[in-house]
Amino acid sequence: MRVLRVHSLNQRLCPYRVLRWVLVWMIVCFLVWRMKESASSQSPCPPCDCYCSSTEYPLDPLGLVNDSINGADCGKHDSDMNEEMNKDLLTLLSEELNLQKIVANETLEHTKRLVLEARKTISHYKKEAEKCNAGVGTCEEARERAEAELIKERRLTALWENLAREYGWEEEHA
């Protein structure tokens, strides 16, 4: 008896579950459709009214071929566009690699210039530091000579004071 009740309860709930799943899938499909629509409306390129089959380029690992722009009518009015549209995948990949090589070489040259400039700056500051160290050395030598001369002057002054006292000189206190 109990089994019958559970079974009848499941039979009554089954249409609600199906309805719930159908609604969930409809919402998901609607959201995906809206996302595709908003993405296509934000495209920087004008829409092309061409249709090409995707069988022309069955292997497109990098996503370089776009079905919406590879038609026979696309770019007929523009010779550069027409030339680009007639290139095969291997040519496009080769051009992409060449462009990446050019960018890498330019980046390397820029880095080399920066390193050279940094070396020049380091050399300049190193020379300035050497000048500063030489100046400090000169000042230190002059200070040592002045200190030695001061010691000699004090000894000479003390000698003269002693001689003056022997001859009767008295220090006046103010």
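This is a short tutorial dialogue on reading a predicted model of a protein chain.

Me: Let's begin with the overall fold. How many helices and strands does the protein chain have?

Reply: Happy to start there. This predicted model has three helices and zero strands. Following the sequence, you would write the pattern as α-α-α.

Me: What share of the residues counts as buried?

Reply: Burial is judged from relative accessible area, with buried meaning under 20%. In this protein chain of 174 residues, 6% count as buried. As for the surface, the chain exposes about 16,300 Å², and 61% of that comes from carbon and sulfur atoms.

Me: And how much of the contact set links residues 24 or more positions apart?

Reply: Take the contacts in the protein chain with a separation of 6 or more: residues 24 or more positions apart account for 29% of them.

Me: Now for aromatic rings. How is a pair of them described?

Reply: Two quantities do the job: the distance of the ring centres and the angle of the planes. Here the count comes to one aromatic pair. Its members are Phe30 and Trp33, with ring centres 6.0 Å apart and planes at 40°, so the pair is tilted. That label fits because planes under 30 degrees apart would count as stacked and over 60 as edge-to-face.

Me: Where do Phe30 and Trp33 lie?

Reply: Both are in helix H1, which covers residues 2-41. They are three residues apart, about one turn of the helix. Phe30 has 46% relative accessibility, so it counts as partly exposed. Trp33, at 48%, is partly exposed as well.

Me: I'd also like to find a nonpolar patch on the surface. Which residues make one?

Reply: Look for Val18, Leu19, Val22, Leu23 and Met26, which make a nonpolar surface patch of about 450 Å². Patch residues need over 30% relative accessible area. Val22 shows how this works: its value is 41%, so it is partly exposed. Val22 also belongs to helix H1.

Me: Last topic, cysteines. How many disulfides does the structure hold?

Reply: A disulfide needs two cysteine sulfur atoms within 2.5 Å. The structure holds zero disulfides. For Cys139, the nearest cysteine sulfur is that of Cys132, 9.3 Å away, and Cys139 is in no disulfide.

Me: Is Cys139 buried or exposed?

Reply: Cys139 counts as exposed because its relative accessibility is 54%, and the exposed class begins over 50%. Cys29, by contrast, has a relative accessible area of 47%, so Cys29 is partly exposed.

Definitions and conventions: Residues numbered from 1 in each chain as written. Predicted model: local features only at pLDDT ≥ 70, side-chain atom pairs only at ≥ 80, totals over all residues. Heavy atoms only, no water. Phe/Tyr/Trp six-rings, centres within 6.5 Å; stacked < 30°, edge-to-face > 60°. Helix = DSSP H or I, 4+ residues; strand = E, 2+ residues; numbered from the N terminus. Buried < 20%, exposed > 50% of the residue type's maximum accessible area, 1.4 Å probe, protein only. Contact = heavy atoms within 4.5 Å. Areas by Shrake-Rupley, 256 points an atom, 1.4 Å probe, with all protein chains shown as cover. Patch = residues over 30% accessible without salt bridge, like charges linked within 9 Å, V, L, I, M, F, W, Y side chains within 5 Å. Salt bridge = Lys/Arg side-chain N within 4 Å of Asp/Glu carboxyl O.
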